[in-house]
Amino acid sequence: MAASLCGSRVKRREDPRFITGTGNYVADVTLPGMVYVKFVRSPYAHALIKSVDTSAAREVKGVLGVYTGADLKSKLGPVPCAWLVPTEPPIKVPEYRAVAVDKVRYVGDPVAVVVAESQGAAEEAAERVSVVYEPLPVVVDQEEAVKDGAPRLYDGIDRNTSFVWRLKGGDVESAFRQAEVVVKQRLVNQRLQPTAMETRAAVAEYDSARSEATLWITSQNPHIHRLLVSAMTGIPEQKLRVIAPDVGGGFGSKIQVYGFEAVVTLLSKELRRPVKWVETRSENYLSTIHGRAHVDYVELAAKRDGTILGLRVKTYANLGAYLTTAAPGVPTILFGIMLSGAYRIPAIECEVHGVLTNTAPVDAYRGAGRPEATYIVERMVDMLAHELGMDPVDVRLKNFIPKDKFPYTVATGLLYDSGNYEETLKKAMSLVGYHSLREEQRRLREQGRLMGIGVSTYVEVCGLGPSKVVRSTGFGLGLWDSAVVRVHPSGKVSVYTGAHPHGQGEETSFAQIAADELGVPFEDVEVVHGDTAMTPFGMGTYGSRTLPVAGMAIVGACRKVVEKAKKIAAGLLEAREEDVVWEHGKFYVRGAPAKYKTIQEVALASYTAENLPPGVEPGLEVTHFYDPTGFVFPFGAHICVVEVDRETGEVKIQKYVAVDDCGNQINPMLVEGQVHGGITQGLAQALYEEAVYDSQGNLLTQSLNDYALPTALEAPTYTTDYTVTPSPVTPLGVKGVGETGTIAATPAVVNAVVDALAHLGIKHLDMPLKPEKIWKAIRRAESEQTTTS
Amino acid sequence: MAVQKYSKVEPEENVRVSVKINGRVYAETVEARMLLIDFIRDVAKLKGSKIGCDTTSCGACTVIVNGRSVKSCTMFAFEADGAEILTVEGLSADDKLHPLQEAFWNNHALQCGYCTAGMLMSAYYLLKKNPHPTEEEIRKGLAGNICRCTGYINIIKAVKEAASKGGSA
């Protein structure tokens, strides 16, 4: 019997090309006759464009064209927003142009585009484009932007409010009336810069003989790019081929269709030359989407024994200057519905103000809404524990949804598929040595040392998602996914997926799945993705959906292949189909396993095709579309132990234990990689990262020298472990794991730091918990203690 | 010294640059303002080394110049005139992976792959200088290279494994 590949730590087949420097990213694409694009960007956060003089730029040697927003307006449609959340009154979507026309609305907003024979000439010419601006008052803060008299970004959008989204489940008023204790807190979930190591890039080549365009692009979802770029440029969808080759990380920031893709495609058509644009890092920070950017006002109602009764959240979500592709869905649907966390909270109310400001657009960054929700729930549970003098672990154990209550519908309306929250928490506690750590903490406090233990027990919704449900939330398309499984005459297999892995490793894990399902050697299966000319329409990779949705499309396709192969095998074995047994790549007649036909023999027979049973078509290939029946809900418990230096305010992570449950695992090595990377991004939000604008809308964190990313010096060593609670929703019992670490880690670290400082009277500090902030808080707390004593 | 030779060069002036990369000589007349990374990628057409920032912060372009690790975006191509350069493409010999490459593969030390070339070259330099580094020394040796995917732990593990298998070769 062949050993099962699913569940094995199979080494990645992506790696050989990357470790030898032979990957192929968009910036590596070089075509004969290629020309280069440079965008001229606004230095003002809010200004009228009075005039754009391109004459000096046109004189630069090698310049082929300079285009203003006005030049492009008639040739390019506006950039669409694809997630129009249903609200009353309806969401207001401002017009978003790839190149601004009359007005700029954030620093970095493109005002003109230069094309030249060389990158150097394009850059030089871009500097010679002379734009006269009339600066307007600027608003960068979402709470300021909704006030009377605040500068207004758009006529017709009062208080800069695109929408107010509301969600209510259960009797919230009664929950707060019955409350014996109410904890309130304003929480800031700061703006982050996603920072994929590869910046955005595009190469377009228009073939005028065939009226066809090919667009290489840094994309997490090439078919979505094709659809929307087609809509903007007017090039018919079937005449536009989008290729996302190797993509150097996305973290949500390469989902969006921004406008530059359409610009390079159009310019290639106009100039009949291949056109390339590669973003610089400072452009990436200025104009690629940012993430998070919430201010949340939270109230939690509970009984004195720690039972949670209700949660009320009012959020001001900064959306930036324009609504990008998924922007409205992130702080609403992906956020509000997760506010129950791992707990039985009978009543939940949430109101989200989606606010436009003079800043870069905000959209999906790893976790996208779910980290923001989890941060609220996990911080508030800790604050409740502190208020009641209870151990934070006991409050959690008291309120967990019990394992025998699944599937469980939470107050926000979501149906959780499966879970065992108590088990993951207890496992994490035992791994970290929770109770002895609390003892140690007491001892250290007596010595004046500041040690803290932070717990986070998260639930994530992923596997986005059943089309009927996501359509009801205003999403532009369904969220099924697709696969083509093609068994060649030689018995080798090509799997074409609609997803687009860009680091997650599905070229490997999807091959594991297909090899197991078809009973063929792993080496015989290739996984193809990222080219709309080859793959079926698919929705792409984000929201931890690749395995639970696109992976299950492959399972479905493989099972249909086996079904068809079985009919053909029955013919070859001269048996009735119902007497044929399928086992690990072989068909035989029940009771006679010695005489068998392999799947490879059947494949060949399907192509020679002279002996096919009646009604069976030649070939062995299946296209399968999989629309999930429900979401999946990975969960886990993370515990972080920190020591805060009393003299410097510096935080040192001493231990980090993560126990995650993503259902059945296809490749535990890949799962662990996702967990490591996710935690590192999550703790970086807690401790280091923050996009900072000044009051005039200048981004102060415009380079990697200013935006603090963790390096190998900061990354702690993690202890990881797992529990396995299979999902009843997916055929293989899998869930998703791409975002769990990012969701879990942020509150675990903040809870740990606040726990270290709690006995000084510090109840909360907003992220990022930089030494200066902590140091000041300690000094303030100490001086207050001195005054009161 | 190459730098001396061109001390008065203008940015757009053309200069002759000849470097040996991975054992092969590349000679070309280029603008003085051309960075070494652009020479490697666009003149030598070795696309393995990457560009991830404008500020010499990310390390994706790290290569070995005359035995020292250099972020090749901090150096003009003409400054490397006459130098011997090793890039990621030159790490493996005769289709045999370098122990560091093997160890990165074994330990899932890469995900999107974009920082990998620079990370490998920094690790290569580290092991050349210090064939048996402690974990702390590995962390310090890689601190100039940013990875957004892995959380670094598997990279550190890989460098340890390579060191134990003679990765300084």
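A polar contact is a pair of N or O atoms within 3.5 Å; within protein, one must be able to donate a hydrogen and the other to accept it, and residues adjacent in sequence count only if both atoms are side-chain atoms. The close-ups below come from a predicted model in which local features need pLDDT of at least 70 and side-chain atom pairs count only at pLDDT 80 or more, while totals for chains, interfaces and linings use all residues. Residues are numbered from 1 along each chain as its sequence is written, chains are lettered from A and ligands numbered from 1 in the order in which they are written, and side-chain values use heavy atoms, with hydrogens and water left out.

**View 1. Thr87(A) and the cis bond ahead of Pro89(A).**
Let us start in the loop of chain A that links helix H3 (69-73) to strand E4 (103-104), where Pro89(A) is found; helices (H or I, at least four residues) and strands (E, at least two) are DSSP runs, numbered from the N terminus. The peptide bond leading from Glu88(A) into Pro89(A) is cis, and its omega is near -5°. Thr87(A) belongs to the loop between H3 and E4 of chain A too, and its side chain reaches the backbone oxygen of Pro89(A) at 2.9 Å. With a relative accessible area of 13%, Thr87(A) is buried (buried means under 20% relative accessible area, exposed over 50%, partly exposed in between; 1.4 Å probe, protein chains only). Beyond its neighbours within four places in sequence, Thr87(A) is in contact (heavy atoms within 4.5 Å) with Phe163(A), Val164(A) and Trp165(A).

**View 2. A cis bond between Phe406(A) and Pro407(A).**
Here the cis peptide bond runs from Phe406(A) to Pro407(A), with omega near -10°. Look for Pro407(A) in the loop that connects helix H12 (392-399) and strand E16 (408-409) of chain A.

**View 3. Gln190(A) and what surrounds it.**
Gln190(A) sits in strand E8 (residues 181-192) of chain A and, at 3% relative accessibility, counts as buried. Its side chain reaches two backbone oxygens: that of Gln685(A) at 2.8 Å and that of Glu689(A) at 2.7 Å. Leaving out residues up to four places away in sequence, Gln190(A) touches several others, among them Arg292(A), Glu690(A), Met767(A) and Pro768(A). Val692(A) is 502 residues from Gln190(A) in sequence, yet their C-alpha atoms are 9.1 Å apart in space. Arg292(A) deserves a pause: it is not a glycine, but its phi is positive, near 65°. Arg292(A) lies in strand E13 (residues 291-302) of chain A and is buried, with a relative accessible area of 3%.

**View 4. Two turns with positive phi, one in each chain.**
In chain A, strand E22 (residues 580-583) and strand E23 (residues 586-589) run antiparallel and are joined by 4 bridges; two strands pair if DSSP finds at least two bridges between them. Glu583(A) stands opposite Lys586(A) of E23(A). The two strands make a hairpin with 2 residues between them, and His584(A) in the turn has a positive phi of about 45°. In chain B, Asn22(B) occupies the loop between strand E1 (14-21) and strand E2 (24-31). Asn22(B) is not a glycine, yet its phi is positive, at about 50°; it is partly exposed, with a relative accessible area of 26%.

**View 5. A four-stranded open sheet with a helix across it.**
The strands of this open sheet in chain A follow the order E18-E26-E27-E28, with mixed pairing. Strand E18 (450-459) and strand E28 (719-722) are the edges, each pairing on one side only. Neighbouring strands are turned by 15° against each other on average, direction ignored; axes are lines fitted to C-alpha atoms, for helices over the stretch in contact, and angles run from 0 to 180 degrees between N-to-C directions. Strand E27 (residues 651-661) pairs with E28(A) in the parallel sense over 4 bridges, and Asp660(A) stands opposite Tyr722(A) in E28(A). Helix H20 (residues 740-757) of chain A lies across E18, strand E26 (635-644) and E27, running at about 150° to E18(A).

**View 6. Where chain B meets chain A.**
At this interface, 44 residues of chain B are in contact with 50 residues of chain A. The chains bury about 4000 Å² between them, 57% of it on carbon and sulfur atoms (the accessible area, 1.4 Å probe, that two parts lose on being put together, summed over both). Trp105(B), His108(B) and Arg148(B) lose the most area in chain B, together 22% of what that side buries. There are 3 salt bridges across the interface, each a side-chain nitrogen of Lys or Arg within 4 Å of a carboxyl oxygen of Asp or Glu. Arg148(B) forms a salt bridge with Glu689(A) (2.6 Å, N to O). Polar contacts link 27 residue pairs between the chains, both residues at pLDDT 80 or more. H3(B) gives the largest share of chain B's side, 5 residues.
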